[in-house]
Amino acid sequence: MPHGPEQEPSSTPAIHPISATRLAEFREQRFGLFIHWGLYALAARHEWVKQRERLTDAQYQPYFDNFDPDLFDPDAWARAASDAGMRYMVLTTKHHDGFCLWDSALTDYSVAHTPHGKDLVGPIVEAFRARGLGVGFYHSLIDWHHPHFPIDGLHPAYAEGVSNDDRNIEIYQSYLHGQVEELLTRYGRIDTMWFDFSYSTRVRNGQLTPGGKGAADWRSEELAALVRRLQPDAMINNRLEIPGDFVTPEQFQPPAPPAGVWEACQTLNGSWGYDRDNLDYKPVDLLVRMLVDTVSKNGNLLLNVGPNGRGAFDPRALETLRGIGEWTRLHGRSIYGAGPSTYEAPPDCRYTQRGDRLYVHVFAWPYRHLHLPGLAGKVRYAQLLNDASEIRTLVPDPARDSGHTKLGALPPGTLTLQLPVQRPDVAVPVIELFL
Ligand code: GLC
């Protein structure tokens, strides 16, 4: 059980609260895979390519006409995620370009009408479930293809003075709600509905986004109620512009724990969709530190892979997941079902705690001694987690230990760990303390 103070969500939820059981399961899992996959994988230069390059529907059409992922093997995806230590996944059913990964009865703009010709969501969901992972859906509120989605400042077709006279947002609203209903009734139990995103108050260069959309445009309360009715245990995120079950810091690590339940979402290289020429890959040890930092602040980490146009995870993504898996295989005890500690970690360390086990994650390996404030007399046994080798401890005695050749006076209550000079060869060394 996570240790430490529980924070209340900052405002009253507009929706019926999620069950305590589902919430506990979410927190137990701690680490998930985000999958951004769609037509933009073929352009291979960011999932916002249609907007960034202001492509017309006709210019974007070749990606639809050529969408034929011949190497698609959802079990290989699920295996890679599971081996990395991930416990759930969230899949883009539709991104902002409006392309649907399932055979929706409400549009022809779906995978069923591409050369692939059939549903992709079902096989992905089944493959992940078969390996025991939870299944969630990311669903874009924004839609750059639907003819009744009013053109706004984020839309690829935006120009000052653009007319929306022929667009009726109510038609889009029924489409949005209808598609969510399809997704939540066709694929069995869905653990998360991850909506993206609202921007009615978004300011860039001192300007509100023209035509920016939010709760009133999505009919968010109704949409959330629909999710609760169809899938009572599906966690709903906070991007409907009404309070959800969890908040979603994106591409940054919160310096202090956000209020309430939270899940950081992070990329491997800054892009969510497959981005061929983007080499800004985060190294494995950085990603592991991000996971640890998140759990030490009582959050979850949702780490993204953008499969390519043939339906495969590229070698760099696989290599990264493999590296993370090497670490989680040995150190899962400090992550799953663990949470923050009320003890204060020394510099360059993060604590997580699970019951009477306190985990010291050492981000910068010191020379021989690690001083832990407030833990003298509280630790029964200490070991390195990677190989269960004992770590000996001492409580420095100011009377005995001062003088030039001694450790010197440390604040009363300090427990000192005697570390080997050789840092264990793992991404982040962990010392397990038995309180
Ligand atoms: C954003 C972006 C998007 C990405 C998402 C993930 O809001 O629009 O492309 O899917 O965040 O958090």
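This briefing covers domains, cores, salt bridges and two buried sites in one protein chain.

The model is predicted. The protein chain is divided into domain 1 (20–334) and domain 2 (349–434). Their centres, taken over C-alpha atoms, are 41 Å apart. The largest nonpolar core has 94 residues, and it draws at least three residues from each domain. A search of the whole structure finds 26 salt bridges.

**Where the domains meet**

- In this interface, 12 residues of domain 1 are in contact with 16 residues of domain 2.
- The two domains bury about 1,300 Å² between them. Carbon and sulfur atoms account for 65% of that area.
- His331, Arg333 and Ser334 supply 43% of the area that domain 1 buries against domain 2. No other three residues supply more.
- The rule finds two salt bridges across the interface of domain 1 and domain 2.
- Six residue pairs are in polar contact across the interface of domain 1 and domain 2, with both residues at pLDDT 80 or more.
- Helix H10 (284–296) and helix H11 (315–331) are the elements that give two or more residues to the side of domain 1 that touches domain 2.
- H10 gives the most to that side, with seven residues.

**Arg333 and its network**

- Arg333 forms a salt bridge with Glu432. Their closest N and O atoms are 2.6 Å apart.
- Both residues belong to a network of salt bridges that links Arg333, Asp356, Arg357, Arg380 and Glu432.
- Arg333 is also one of the three residues, with His331 and Ser334, that supply 43% of the area domain 1 buries against domain 2.

**Nonpolar cores**

- In soluble globular proteins, nonpolar side chains tend to be buried together.
- Within the 94-residue core, Trp37 and Phe128 touch the most other members.
- This core takes at least three residues from each of domain 1 (20–334) and domain 2 (349–434).
- Another core, of 18 residues, lies apart from it. Among its residues are Leu372, Val379, Ile391 and Leu417.
- What does Trp37 touch, not counting residues up to four places away in sequence? The aromatic contacts include Phe67, Phe72 and Trp77. Leu101, Leu120 and Ile124 are also among the contacts of Trp37. So are Pro69, Thr92, Pro307, Asn308 and Gly311.

**Salt bridges elsewhere**

- Side chains of opposite charge can pair when their charged atoms come close.
- Lys94 and Asp143 meet through their side chains in a salt bridge, at 2.8 Å from N to O.
- That pair links distant parts of the chain, 49 residues apart. Lys94 is in strand S2 (residues 88–94), and Asp143 is in the loop between strand S3 (134–140) and H7.
- Are Lys94 and Asp143 buried or exposed? Lys94 counts as buried because its relative accessibility is 1%. Asp143 is buried too, with a relative accessible area of 1%.
- Arg186 forms a salt bridge with Glu182, with the closest N and O atoms 3.5 Å apart.
- Both Arg186 and Glu182 lie in helix H7, four residues apart, about one turn of the helix.
- Arg186 is partly exposed, with a relative accessible area of 40%. Glu182, at 9% relative accessibility, counts as buried.
- Lys297 and Asp293 form a salt bridge, and their closest N and O atoms are 3.0 Å apart.
- Lys297 counts as buried at 13% relative accessibility. Asp293 is buried, with a relative accessible area of 6%.

**Asn300, a buried polar residue**

- Asn300 is found in strand S9 (residues 300–305).
- Why does Asn300 count as buried? Its relative accessibility is 0%, and buried means under 20%.
- A polar atom of the Asn300 side chain lies 2.9 Å from the backbone oxygen of Phe26.
- Asn300 also touches Arg27, Arg30, Tyr88 and Trp262, among others, not counting residues up to four places away in sequence. Glu263, Ala264 and Thr294 are further contacts of Asn300.

**Helix H9 and its cover**

- Which residues of helix H9 (residues 220–230) are buried? They are Ser220, Leu223, Ala224, Leu226, Val227 and Arg228.
- Two helices are among the elements that cover these residues: helix H7 (169–186) and helix H8 (215–218).
- Strand S4 (192–196) and strand S7 (235–236) are also part of the cover.

Technical notes: Residues numbered from 1 in each chain as written. Predicted model: local features only at pLDDT ≥ 70, side-chain atom pairs only at ≥ 80, totals over all residues. Heavy atoms only, no water. Buried < 20%, exposed > 50% of the residue type's maximum accessible area, 1.4 Å probe, protein only. Contact = heavy atoms within 4.5 Å. Core = buried A, V, L, I, M, F, W, Y, C linked by side-chain atoms within 4.5 Å. Domains from an automatic or database assignment. Buried area = accessible area lost by both parts, 1.4 Å probe. Salt bridge = Lys/Arg side-chain N within 4 Å of Asp/Glu carboxyl O. Polar contact = N/O pair within 3.5 Å; in protein donor to acceptor, adjacent residues only side chain to side chain.
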